[in-house]
Amino acid sequence: MSDTKILVGGEWKLGSGKLIRSINPANGELITEFKGASLEDVDIAVAAGKRAMYDPTWYHLKSFKRAAILSNIARLIHRDVDKLAALQTLDTGKCLSETKALVQSAAETFQYTAAALEIQEGELPPSRGDFFTMSVYEPMGVIGAITPWNSPIASDAQKLAPALAAGNAVIIKPAEWASLVSLALAEICMEAGLPKGLLSVLPGSGSVIGDKLVRHPDVKKISFTGGTSTGRLIAGIAADKLMPVSLELGGKSPTIVFEDADVEHAINGILYGIFSSTGQSCIAGSRLFIAAKIYDSFVDKLVARCKALNVGLPNDSSTQVAPLVSFQHRDVVANYVEIAKKEGAKVLCGGELLQGQPYDDGAFYPPTILSGLSNNTQTCQEEIFGPVLVVLPFDNEQDLIQQANDSVFGLACGLWTQDYKKALNFSQKIAAGTVWINTYKQFSIATQFGGVKESGLGREKGRNSILGYMQQKSLYWGLNQEPLSWADPRSK
Ligand code: NDP
């Protein structure tokens with residue numbers, strides 16, 4: 001048992017909850033094991049959060065001073081980029097180059113949010129009577145931030161930075177498979193001067209610790225990123241509590257290659273869109289529709305380029321496709337490919353476990369391209385969350401839109417065409433929160449992100465992200481010289 005401590009209500013302590021075993025998916029070795037949070041810890045964290053956020057030193061802290069703490073957090077994340085990236089790579093198996101980018105994006109999130117907070121303003125609508133009105137924005141209370149394992153530090157930052165900026169207390173429930181980097185981020189927040197008690201990190205099982213957090217009467221909003229079925233469960237409980245939620249959920253995003261696409265750009269974008277992060281990405285472009293006239297030649301080139309991708313250890317700088325997060329998840333992905341074969345899929349590349357070292361010891365799965373399936377198969381309808389791409393030809397644009405939108409999800413879409421009118425037309429018809437045109441999986445903290453349909457509710461990022469963690473209050477200021485006439489005896 002290691003001495004890994006968890007942060008409960010401002011105190012670092014050894015947990016007394018579920019045993020958490022952190023396994024390196026690249027070689028199956030145990031990194032650490034420690035006890036997570038108990039149910040009692042949830043109560044302690046919520047009570048401490050409530051106390052800390054209403055403490056005048058935080059509640060009345062001028063927003064530019066709160067912004068200074070967020071900037072400090074950004075600076076310290078930058079200082080520790082290598083350490084944080086290495087930790088996340090160890091815990092999740094992601095390529096070091098990817099985890100470095102995630103850590104940098106977390107720092108940018110804090111920096112951007114600090115800047116947005118400094119210039120945030122209330123509203124003074126024009127007067128419509130003997131009064132003037134103003135809108136002020138207040139913190140909501142204790143916020144529960146529940147995050148998944150695929151990009152933990154970036155997901156944590158996207159919730160933590162705006163929620164703290166808004167003046168709230170935050171309790172992070174990280175994914176059991178990737179808690180270590182959330183604890184490291186909490187250490188940085190404390191070092192940066194965040195008041196004690198304002199942040200807790202409670203590793204533990206989602207159905208126990210996460211569930212208690214969602215149901216807790218003093219938790220005033222849940223910001224969740226994860227699978228659609230968990231999101232639906234949380235939304236049900238929230239409906240009962242009349243508590244707002246924001247939900248960033250799953251996807252099965254279509255990518256469309258039109259006849260006039262720049263083939264080199266499209267192939268690079270498509271490979272990156274599905275196989276980076278070993279496909280463990282909510283916005284992975286997993287359904288690829290290709291114009292029938294160029295289908296054969298495009299697929300030949302795509303498959304050849306896919307076969308050349310380097311599958312290897314996450315610390316190796318030449319690796320493009322690293323192991324999956326766990327052996328359990330690798331088996332889920334492999335099973336989906338077996339289902340696809342039963343559904344009649346032709347395996348164009350990948351589709352079998354790789355043999356030899358380092359593959360025998362780690363949770364590797366090769367980039368896989370499947371053809372011969374129709375869009376209504378299980379393989380095309382369910383999120384696999386792994387390096388599996390299905391290619392589908394189309395020859396009718398009306399039918400294409402119908403198929404691309406034939407999914408319960410609506411997170412993202414990629415369009416490859418040199419015809420800007422066509423791109424605009426399709427971007428308007430596609431049901432998705434984000435449409436990439438002649439690029440894919442590019443992100444900006446300044447641009448909002450979220451899904452439609454079963455891919456989610458609400459938006460993260462952008463200047464308005466802080467308002468997502470505030471409640472608006474209207475103030476009416478009377479300007480009348482005389483008393484209000486209704487009850488005034490002088491007006492009878
Ligand atoms: P899960 O929904 O299984 O888990 C996400 C988080 O919720 C984890 O911390 C988990 O804890 C917790 N949790 C599980 N059950 C409950 C519960 N009953 N109450 C409260 N919390 C609970 O998703 P995965 O971790 O498997 O993540 C992958 C999913 O996340 C994919 O569907 C992916 O598309 C989606 N995702 C969406 C993104 C977006 O922005 N739209 C971004 C990244 C991922 P524990 O780990 O202990 O189970």
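In which hand does H6 pass H7? The crossing of H6 with H7 is right-handed. Keep in mind that this is a predicted model. I'll take the helices, then the ligand, then two backbone details.

Let's stay with that pair. H6 covers residues 152–165. It packs against H7 at an angle of about 45°, and the two axes are 9 Å apart. That angle makes H6 oblique to H7. Who makes the contact? On the H6 side we have Pro-152, Ile-153, Asp-156 and Leu-160. On the H7 side we have Val-181, Ser-182, Leu-185 and Cys-189. By class, that is six nonpolar residues, one polar and one charged.

Now turn to H5, which also packs on H6. H5 runs over residues 96–118. Here the angle is about 15°, with the axes 8 Å apart. Angles under 35 degrees count as roughly parallel, so H5 is roughly parallel to H6. This crossing is right-handed too: H5 passes H6 that way, and H6 passes H7 that way.

Look at the residues. H5 brings Leu-102, Val-103, Ser-105, Ala-106, Thr-109, Phe-110, Thr-113 and Leu-117. H6 answers with Ile-153, Ala-154, Ala-157, Gln-158, Leu-160, Ala-161, Pro-162 and Ala-165. How many of these are charged? None; the contact of H5 with H6 has 12 nonpolar and four polar residues. Note Ile-153 and Leu-160. Both meet H5, and both are also in the contact with H7.

Third pair: H3 and H7. H3 spans residues 63–79, and H7 spans residues 180–191. They pack at about 130°, their axes 9 Å apart. H3 and H7 are therefore oblique to each other. H3 passes H7 in a right-handed crossing. From H3, the contact takes Ile-73, Leu-76, Ile-77 and Arg-79. From H7, it takes Leu-185, Ile-188, Cys-189 and Glu-191. The classes here are six nonpolar, two charged and no polar. Leu-185 and Cys-189 do double duty. They meet H3, and they also belong to the contact with H6.

On to the ligand. There are 30 residues around it. Which come nearest? Thr-147, Gly-206, Thr-230, Leu-249 and Glu-383. Now the side chains that put an N or O atom by a ligand oxygen. For Glu-383, the distance is 2.5 Å. For Thr-230, a polar side-chain atom lies 2.7 Å from an oxygen atom of the ligand. For Trp-149, an N or O atom of the side chain is 3.1 Å from a ligand oxygen. So two names come up twice here: Thr-230 and Glu-383 are among the nearest residues, and each has a side-chain atom listed against a ligand oxygen.

Last, the backbone. Where is the cis peptide bond? It joins Gln-357 and Pro-358, with omega about 5°. Pro-358 sits in the loop between strand E13, residues 346–349, and strand E14, residues 368–371.

Then there is Thr-278. Its phi is positive, about 55°, although Thr-278 is not a glycine. Find it in the loop between helix H10, residues 263–275, and strand E12, residues 285–291.

To recap: H6 passes H7 in a right-handed crossing, Glu-383 has a side-chain atom 2.5 Å from a ligand oxygen, and Pro-358 follows a cis peptide bond. That's it from me.

Terms used
Residues are numbered from 1 along each chain as its sequence is written. This is a predicted model: local features need pLDDT of at least 70, side-chain atom pairs count only at pLDDT 80 or more; totals for chains, interfaces and linings use all residues. Side-chain values use heavy atoms; hydrogens and water are left out. Axes are lines fitted to C-alpha atoms, for helices over the stretch in contact, and angles run from 0 to 180 degrees between N-to-C directions. Helices (H or I, at least four residues) and strands (E, at least two) are DSSP runs, numbered from the N terminus. Angles under 35 degrees count as roughly parallel, over 145 as roughly antiparallel, 65 to 115 as roughly perpendicular and the rest as oblique. A crossing is left-handed if the near helix is turned anticlockwise from the far one by less than a right angle, and right-handed if clockwise. Contact means heavy atoms within 4.5 Å. Ala, Val, Leu, Ile, Met, Phe, Trp, Tyr, Cys and Pro count as nonpolar, Asp, Glu, Lys and Arg as charged, and the others, Gly among them, as polar. A residue is near a molecule or strand if one of its heavy atoms lies within 4 Å of it. A polar contact is a pair of N or O atoms within 3.5 Å; within protein, one must be able to donate a hydrogen and the other to accept it, and residues adjacent in sequence count only if both atoms are side-chain atoms.
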